Amino acid sequence: MLREYSPLVGSSDNEGLSAEETQLTGASARDRHKQPWKCFDMSTIKERFPAVKKNSAFIHNVWLSFSVAMSITIMALPVFSSKTFLLLFGHEDTAAGAEWCGKRRSGLQVNVGNATSPLLVPFNASAAESDGAVDWSDVSWCGFLPVSYFAWWPSAAQMTLFTVYRNTGSTAKLAWQSIAGSIVAVANIWLLSEYYPSGAEDSHYNPLVVWADLLVVMFLLLASGCDGNTKKFGLSWTMYFVMKFMSPFGIDYGVYTIKGGLTWDGEPTCVMLTSVIGCLVGVLATVFPLPLTNINLLRLDSDKIVNELQHLFEEAIVYYAGGEKTPRVFQIYAKIDALQSSISQVSTNLADSYWETFNLGSYSRIRELYQSFNNAAKASDDEMFVLKSSLTQLEFNEQQKAFAEVLAEPLKHLVKVTAECLRVCCAVCSDGNVLPEDRVTIGESVEKIKKAQEDLSQKFTDLCDQRGIYASTTIAADALFAFSVAHWSREMMDWAGDLATYNLTVSAKHNPLHILLNQTKLIFNPYTMFSKQNLQFALANGTPILITYAIARFMTGGVLVQYDSTMPGTLSILISQDVGSGALQNIQRLTALVFGHTLPMLAMVGLRIVPCDWLLRPIAHASVLMFFMAFFFYMYCASQRWSLIGLIVAAFACFPLFHTCDEHAKVGYSYHYKVIAEVILAILVKMAVQPLFAPKTSRDMAMDKVKELFAEVHNCYEKFFLGHFEEKDGFRSKIKVCKQLLAECEELSPMVDPAVELVGWVRLPFKKGLYDSTLKQIRLVTSDLDTIASAVGGYVEENHLPGSTDNLDPEANDRNAIMRSEKALWTLLTSQPSWTLVKDDLKDTLKIALNAVTAVLEHATEEKLDSKDTDSLKRVAGLSKLDGIHELYQEMSKSVGADAKDRSSLMKRIEDTSGPPIITDLKRTRATVINNAFSSTVQHLVVIASACFEYMPYL
């Protein structure tokens, strides 16, 4: 039964409102929370221009590519613009060839020498003023940065390209990961230089200490829980610095000391600052000239979800009342799938928006409210599954038409009032401020939903009683349809009620120090770092890096360059979790590296037709650079198969394209050939060494997970059959385990594709099609389990927001009451004579289908499959029918006395309700939903069994 809702619970702010002030509509609530746009951003364009909204993904990708290309071109201005170079880096030499600013000076400098032998020293403004005489002709500008930074400028552009992704929040997150990796490498080399100031030339230098340092840093990065980009950039820069530290020429630490031994013009400082500059440019590329923020997309996404939900249910109701099967049902199925994608997009925007707002000010509440909405929308997954199942089972006979005629209008009204309530709630979420008027408005909307629920339930039970039906396969589809709509509406109403009583003073606090401490504990958790999985990952990826590092350290000649960190640095970027699928990715990366070194050279050769001293040369250079970056970055944004190649080509093209014009310089092709050869060698080492540290191939790991998943599915149904629902290891807990295992199996799917294996060796290619189709059906089985869990105990209210617990109905959410409800319905099912037949047939079907598909998936030889599991599948008859289900319906109806004349006493006896029953609480609908879930599970298992014959025709 629905709780009696009071919109004033927990809020004294509503006191004193007149009746006129409380008569607020959803439109007025939206107007009340409509904020003037602070900037013209992409979300504004999508909202105001329908043409853009129709092609929003294309326009977003084009705009982002243009913005990134423009940012890279602006960064390259010092390359093809002498005035920009002088402003940023100053004069390096005089016209006569004498050193002027050199590679290390910056800022204002005073020449204390003469014109032929200049000697520049930093300009001291206070000293100049005190002397009273300043010869400004001797004062020169040596740029904001030393010229030594110019060699690292393409690296900053690379960092920009590796950082930018989709929106501002996701880009800021990647930027922090990249900077964190650079900090690790710079901090490590700083500590080494403190211990050995002269590097390898130090008098007490011990190479074993440096090797030990390298191993420790590698282990900490690979085994820790830090993000992938942090590991990659941390390892890559560590390879570079430690290699140079071991070399005879050492690291250039610079001469201009800042503080704490750091130098303004040293290599570590150059790397750190150019990394920061590159990341900042990447973030700015998603902000200017048009912001692409995640936080502003949340409002559009939430409105889109509400509209999609309303249109979906309205179209389903029209089809339900249409009286005949039409292809329109497939459009409804497609909309159900599209809805899940929209909800997933909200989750992504929510997570990444933290990096835009850091939960400062009202953004903490805005994100919290949108998170609660997203959680409520995610909870509708089960209802979508039940809705789809009911539409599939519909038989448009006379009885169905009678139910549709009575239920169509109440269902439409319920969907309408629920959608109106959701729009008001989403308007409130947009600024994170729940006003007193909002609490009243939402409360009134909740009351409308409650009345619509009661009206729907009343008409459904009246019609069932008129026809003398309690539970039957003939009305299963109708009961399922009504149950799905009512259950969705009730979940949305539950969230709306929590929002109306949301206490602004108890919103979650976000202490940055507390967050930092928790993240540190999470990253360096010893139980995680020394787990078997993490140690295998560290060994499988670290060993090839160490081997190539040793080759570069000790070997020279041919294509090998001693003390060149290209090979270990490349493998640092290529670290991967998988052994088999890594081959295809590595070959793609190799292809991209070849293009990244050759295509820019061809572009620069084409530019040689424009002389360096022509006025059009800078424009031509900038145009080539911008077009090149825009094209390949658009490939990265838009292409599904070639995305990785587009990114790598654009990133590695920075060094050749950031080339100053010099008509007398010769193009150094040999260097590029050596780099390509070293990359090939590094990838070959990785392919040869990494499998040695993987105890199992991807297909074996996938099969182990699948077997574990199948066992847990068996356990789930066994727990239900035993009536163990709420225990720690009970039915509901087992469902969560199944979902986790299913997610892990789905993550392994790309890795088991035979197309990504370099060599298949003895075993036949893995049956990935059967693997994927089986997981698809198991996902539907888990939806069946979720449906059973939702129906067995009746609807359970949840607390979606802090401070709204007072809004929960204690009686409805009393654990003992829920357990009694579960036990009552379970007893109603299991006490019937045909229950044993239903249970045994379901268990047998599970065993036969899952054991058979396991045997077929494991079969990897050319001989005929000889398995008792597949033999059982061939011999079984009537697999698609769940034995005893029709009898179970009849026995349930007879046991509760569905033909009783005294309807009031009947309802009191069989529904245990003191007030008007709601359709989601009715035992008849809950029992029908559970029985249908059993039948649905059998149908999913039949699909799995049929696929076994398809992939193994000679069983």
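Biologist: What links Glu712, Asp729 and Lys734?

Modeller: Glu712, Asp729 and Lys734 are joined in a network of salt bridges, the term being given to a side-chain nitrogen of Lys or Arg within 4 Å of a carboxyl oxygen of Asp or Glu. By this rule the count comes to 18 salt bridges. The model is predicted, so local features need pLDDT of at least 70 and side-chain atom pairs count only at pLDDT 80 or more, whereas totals for chains, interfaces and linings use all residues. Residues are numbered from 1 along each chain as its sequence is written, and side-chain values use heavy atoms, with hydrogens and water left out.

Biologist: How do you know that aspartate 921 and arginine 490 meet in a salt bridge, and which parts does the pair tie together?

Modeller: Their side chains come to 3.0 Å, N to O, and the salt bridge is therefore accepted under a rule that asks for a nitrogen within 4 Å of a carboxyl oxygen. Because aspartate 921 lies in the loop between helix 37 (903–911) and helix 38 (923–951), while arginine 490 belongs to helix 20 (residues 476–500), the pair ties together parts that are 431 residues apart in sequence. Helices here are DSSP runs of H or I with at least four residues, strands are runs of E with at least two, and both are numbered from the N terminus. Aspartate 921 and arginine 490 are both buried, a word that means under 20% relative accessible area, with exposed meaning over 50% and partly exposed lying in between (1.4 Å probe, protein chains only).

Biologist: Why is aspartate 786 called buried or exposed, and what about lysine 739?

Modeller: Aspartate 786 has 11% relative accessibility and therefore counts as buried, whereas lysine 739, at 38%, counts as partly exposed. Aspartate 786 forms a salt bridge with lysine 739, the closest N and O atoms being 2.6 Å apart. Since aspartate 786 lies in helix 32 (residues 768–792) and lysine 739 in helix 31, this pair ties together parts 47 residues apart in sequence.

Biologist: Where do aspartate 772 and lysine 768 lie, and why is each of them called buried or partly exposed?

Modeller: Both residues are in helix 32, four residues apart, which is about one turn of the helix, and their salt bridge brings the closest N and O atoms to 2.6 Å. The relative accessible area of aspartate 772 is 26%, so this residue is partly exposed, while lysine 768, with 18%, is buried.

Biologist: What makes the sheet open, and what is the order of its strands?

Modeller: The open sheet has three strands in the order 2-1-3, with antiparallel pairing. Strand 2 (120–122) and strand 3 (139–141) stand at the edges with a single partner strand each, so one side of each is left without a neighbour in the sheet. From one strand to the next, the twist averages 40°.

Biologist: How do you know that strand 1 pairs with strand 3 and with strand 2?

Modeller: Pairing requires that DSSP find at least two bridges between two strands. Three bridges join strand 1 (residues 108–111) to strand 3, and strand 1 is also paired with strand 2 over three bridges, in the antiparallel sense. Among the bridge partners, valine 110 is matched with valine 139 in strand 3, glutamine 109 with serine 140 in strand 3, and asparagine 111 with leucine 120 in strand 2.

Biologist: What is notable about phi of arginine 166 and of asparagine 359, and why is each residue called buried or partly exposed?

Modeller: Phi is near 60° in arginine 166, a positive value in a residue other than glycine, and near 55° in asparagine 359, again positive in a residue other than glycine. Arginine 166 is placed in the loop between helix 9 (153–163) and helix 10 (168–195), and its 29% relative accessibility makes it partly exposed. Asparagine 359 lies in the loop between helix 15 (328–357) and helix 16 (363–378), and its relative accessible area of 9% makes it buried.

Biologist: What is the peptide bond from phenylalanine 288 to proline 289, and how do you know?

Modeller: The bond is called cis, since omega is near 0°, and proline 289 sits in the loop between helix 13 (267–285) and helix 14 (297–320).

How values were computed:
Axes are lines fitted to C-alpha atoms, for helices over the stretch in contact, and angles run from 0 to 180 degrees between N-to-C directions.
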